[in-house]
Amino acid sequence: HLTAHTEQAWKRDLTWQTIDISRASLKELLETPVLFISGSRAPNFSPLEKKLLKDYVEQGGFIFAEAAQGNGCNGAEFEEYFRQLVVELFEQPLERLPPEHPIWFAESQVNAADLPDDAWLYGVQTCCRLGVVYSPITLSCRWQLNLPYGIKPDFAPAAQADLDAATKIGIN
């Protein structure tokens, strides 16, 4: 659904695909500008997969990761692993992205007050740009609930604001 929302905002066709990193080449990864990684358990990437991820980012790719956390999910294992992975690959920790960072307003203004209290975005500057973004809460579940077309469910206003804010982050 995020792809469809982005298509509507950007007025252009987009695609998405699922990639098995154990079989992917750097060339294949670089065909996609954003690699989305989500989970509740540690992915336990092999040394070759870690090198692939680092090379992908260093050659212009962008990783957006989230812990499947909150709303009944426990992503603590994923979060611990991913935070350590970022330090291992890029020799710096994830840092809280300030409200003036473009990720909060590049396409649409995101009001952080519309997100759950524990929601924030963290990132790592790589090669003079933001190369990795991490969300400690599940955004993809919100994207899936926020239908881009058709008859939308009648959510409470606060819940719809939460879904809309998460979708704006994805588009940004």
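I looked first at how strands β1 (residues 34-39) and β2 (residues 62-67) pair in this predicted model, and found that they run parallel and are joined by six bridges; two strands count as paired if DSSP finds at least two bridges between them. Strands here are DSSP runs of E with at least two residues, helices runs of H or I with at least four, numbered from the N terminus. For valine 34, I noted phenylalanine 62 as the bridge partner in β2.

I then followed the chain from β1 through helix α3 (residues 47-58) to β2 and recorded a right-handed β-α-β crossover, meaning that, with the strands pointing away from the viewer, the path from the first strand over the helix to the second runs clockwise.

Which side chains of β1 are buried? Leu35, Ile37 and Gly39 point to one face and are buried, whereas Val34, Phe36 and Ser38 point to the other and are not; buried means under 20% relative accessible area with a 1.4 Å probe, counting protein chains only.

For the whole protein I listed six helices and five strands, in the order α-α-β-α-β-α-β-β-β-α-α from the N terminus on. Of the 172 residues, 42% count as buried. Among contacts (heavy atoms within 4.5 Å) with a separation of 6 or more, 70% come from residues 24 or more positions apart.

On conventions, I kept to residue numbers from 1 along each chain as its sequence is written, and to side-chain values from heavy atoms, without hydrogens and water. Local features need pLDDT of at least 70 and side-chain atom pairs 80 or more, while totals for chains, interfaces and linings use all residues.

Technical notes: Buried means under 20% relative accessible area, exposed over 50%, partly exposed in between (1.4 Å probe, protein chains only).
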